[in-house]
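User: Could you take a close look at the little sheet in this one for me, and then show me what sits around it? I'd like one connected walk-through rather than a list.

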Amino acid sequence: MSSKLIGMVYDGFPSGGSEFDVLLALADITNEDSGRCDPSVSYISWKTRQSERTVQYALKSLAEDGWIKARKGGGTYGTNIYILNRRKIEAAAVIRKAEYDEKQKKKRSKSKYPTWDEEFGVSVSDDAGVQK
């Protein structure tokens, strides 16, 4: 299990739905050392609570969009091997986090409530606690 990879999928994947669920399931079972996993479609289906056909569509979509690479039949018991594109996942996480932070910054700047500095006349970063 790769908790760092799971966190990056949560932070970076641009939408919800079956693709998100499948990518999250793959991140959960990816080997931390080798970066690969080879679950069966039925296992992913069980883990994501989706039909096998939905999982197949999601896997195809993830591969076409470059989130994963799939090698047919090379895994345990003839299952496919999946390798997650860590660079893409990490880059998407950084971008979405920056977009979220910017949105929050704008939201705070439009707030009708005063900031700590405006309310109390003391800067939070002011070590001495001296009023302005």
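Analyst:
**The sheet and its surroundings**

Strand 1 and strand 3 (residues 81-84) are joined by two bridges and run antiparallel. Keep in mind that this is a predicted model. In the pairing of these strands, Arg 36 sits opposite Ile 83 of strand 3, and Cys 37 faces Tyr 82, also in strand 3.

On to strand 2: four bridges tie strand 2 to strand 3, and this pair is antiparallel too. Ile 83 turns up again here, as the strand 3 bridge partner of Lys 69. So what order do the three strands take in the sheet? They go 1-3-2, in an open sheet with antiparallel pairing. Strand 1 (36-37) and strand 2 (68-71) are at the edges with a single partner strand each, so each has one side with no neighbour in the sheet. As a bit of background, strands of a sheet pair through backbone hydrogen bonds, either parallel or antiparallel.

Tyr 82 is a handy way into the next feature, since Tyr 82 also helps line the largest pocket. That pocket holds about 160 Å³ of space. Its lining includes Ala 70 from the strand 2 range, along with Val 41, Lys 72 and Asn 80. Which helix gives the most to this lining? That's helix 4 (residues 52-64), with four residues. Gln 56, Leu 59, Lys 60 and Ala 63 are the lining residues that fall in that range. By class, the lining splits into five nonpolar, two polar and two charged residues.

Follow helix 4 away from the pocket and you meet helix 2. The axes of helix 2 and helix 4 come within 9 Å and cross at roughly 80°, so the two helices are roughly perpendicular to each other. Helix 2 brings Ser 18, Glu 19, Val 22, Leu 23 and Leu 26 to this contact, while helix 4 brings Thr 54, Val 55, Ala 58, Leu 59, Ser 61 and Leu 62. Sorted by class, that contact has seven nonpolar, three polar and one charged residues. Notice Leu 59, which is in this contact and in the pocket lining as well.

Helix 2 (residues 18-29) also meets helix 3 (residues 41-48), with axes that come within 10 Å and cross at roughly 110°. Helix 2 and helix 3 are therefore roughly perpendicular to each other. On the helix 2 side you'll find Asp 21, Val 22, Ala 25, Leu 26, Asp 28 and Ile 29, and across from them Tyr 43, Ile 44, Lys 47 and Thr 48 of helix 3. The classes here are six nonpolar, one polar and three charged. Val 22 and Leu 26 appear in the contacts of helix 2 with both helix 3 and helix 4.

How values were computed:
Residues numbered from 1 in each chain as written. Predicted model: local features only at pLDDT ≥ 70, side-chain atom pairs only at ≥ 80, totals over all residues. Heavy atoms only, no water. 1 Å grid on protein atoms, 1.4 Å probe; cavity = no way out; pocket = protein on both sides within 12 Å on 5 of 7 lines; lining within 4 Å. Points joined across faces, edges and corners; volume = space filled by probe spheres on them. Nonpolar A, V, L, I, M, F, W, Y, C, P; charged D, E, K, R; others polar. Pairing = 2+ DSSP bridges. Axes fitted to C-alpha atoms, helices over the stretch in contact; angles between N-to-C directions. Parallel < 35°, antiparallel > 145°, perpendicular 65-115°, else oblique. Contact = heavy atoms within 4.5 Å.
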